[in-house]
Structure formats: structure tokens, C-alpha cells
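Me: Please take a close look at one strand of this structure and its surroundings. I should like a connected account of the residues it holds, the cores beside it and the disulfides of the chain.

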Amino acid sequence: MLWWIFISESSCLECNSNCNTCFGNENNCTSCKKNYYLSNNSICLKCIDNCFECDNFGQCLMCKNGYFLNSNICSKCSENLNCKTCEFDGYNEYCTSCIEG
């Protein structure tokens with residue numbers, strides 16, 4: 001596992017486990033790992049469940065495969081559609097790619 005470090009008084013220490021980089025102390029994050037976002041107080045908070053990527057305000061931008069975004073919630077694709085990825089247009093759910101096999 002790769003640990004990012006920060007420099008404090010000419011020494012290097014590990015950052016908090018949710019930070020990519022930090023400065024000054026291990027909990028003062030300057031960037032976050034995947035599936036986390038940087039809060040106003042420099043803490044990395046987890047995106048909503050099943051979110052692949054969220055913005056700096058915690059709003060999900062894209063869900064993990066097998067889920068679609070609906071009102072900032074990642075909902076599971078219907079199993080009977082056999083979708084790898086799906087979307088919801090406000091009325092209907094539809095596949096954007098299919099499960100292989």
C-alpha cells in the first residue's frame with residue numbers, strides 16, 4: 001500500500017488513511033483518496049454508498065457499475081435487465097452496457 005507523506009519540521013510522517021496528501025499534521029488533508037471528498041475543514045469524508053466519484057461537496061457524479069444515479073442516490077440496476085451499467089431518465093431505467101457472458 002502506498003502512503004503519502006507530509007513534511008513537518010523537516011520530518012516525514014504518514015497522512016491520515018483517507019488522505020492522498022496532507023500538510024502540517026496527518027489530519028490536515030490537502031487531497032483525498034478515491035471515493036472521498038475534501039470537506040471545508042480539510043478532512044476527507046466518504047462519498048455516498050456505491051458512488052464511484054463525487055465532487056468536493058459530496059454530491060455523487062457517477063455511480064459504480066451496476067448502479068444508476070437518481071437524486072444523489074446510487075440505486076441498483078434491475079437484475080432482470082442484465083445491465084453492467086444503467087441509467088434512469090426520470091421515468092424508465094435502461095441499460096447503457098450489458099453484462100458479458
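**Strand β8 and its surroundings**

Reply: L61 lies in strand β8, and the model in which it is described here is a predicted one. Together with F52 and M62, L61 makes a nonpolar surface patch of about 270 Å².

The strand also contributes to the interior. The largest nonpolar core consists of seven residues, namely Y37, C47, C51, C54, C60, C63 and C74. At least two of these core residues come from β8 (60–63), and at least two come from β7 (51–54). A separate core of six residues lies apart from this one, and includes C15, C19, C29 and C44. As a general point, nonpolar side chains in soluble globular proteins tend to be buried together.

Within β8, C63 deserves particular attention. Leaving aside residues up to four places away in sequence, C63 touches N50, C51, F52, F68, L69 and C74. C63 has a relative accessible area of 11%, and a residue under 20% is classed as buried, so C63 is buried. The contact with C74 is also a covalent one, as a disulfide joins C63 to C74 with an S to S distance of 2.2 Å. This pair links distant parts of the chain, since C63 is in strand β8 and C74 in strand β10 (residues 73–76), 11 residues apart. The torsion about the S-S bond is -90°, and the link is left-handed. C74, with 10% relative accessibility, counts as buried.

Two further members of the largest core, C47 and C54, are also bonded: they form a disulfide with their sulfur atoms 1.9 Å apart. The torsion about the S-S bond of C47 and C54 is about -60°, and therefore this disulfide is left-handed. Both C47 and C54 are buried.

The wider chain may be considered next. Eight disulfides are found in a search of the whole structure. One of the others pairs C77 with C86, whose sulfur atoms are 1.9 Å apart. The link of C77 and C86 is left-handed, with -95° about the S-S bond, and C77 and C86 are both buried.

C98 offers a contrast with these pairs. The closest cysteine sulfur to that of C98 is in C95, at 4.9 Å; a disulfide requires sulfur atoms within 2.5 Å, so this distance is too far for a bond. C98 has a relative accessible area of 52% and is therefore exposed, whereas C63 is buried.

Notes: Residues numbered from 1 in each chain as written. Predicted model: local features only at pLDDT ≥ 70, side-chain atom pairs only at ≥ 80, totals over all residues. Heavy atoms only, no water. Core = buried A, V, L, I, M, F, W, Y, C linked by side-chain atoms within 4.5 Å. Buried < 20%, exposed > 50% of the residue type's maximum accessible area, 1.4 Å probe, protein only. Helix = DSSP H or I, 4+ residues; strand = E, 2+ residues; numbered from the N terminus. Contact = heavy atoms within 4.5 Å. Patch = residues over 30% accessible without salt bridge, like charges linked within 9 Å, V, L, I, M, F, W, Y side chains within 5 Å. Areas by Shrake-Rupley, 256 points an atom, 1.4 Å probe, with all protein chains shown as cover. Salt bridge = Lys/Arg side-chain N within 4 Å of Asp/Glu carboxyl O.
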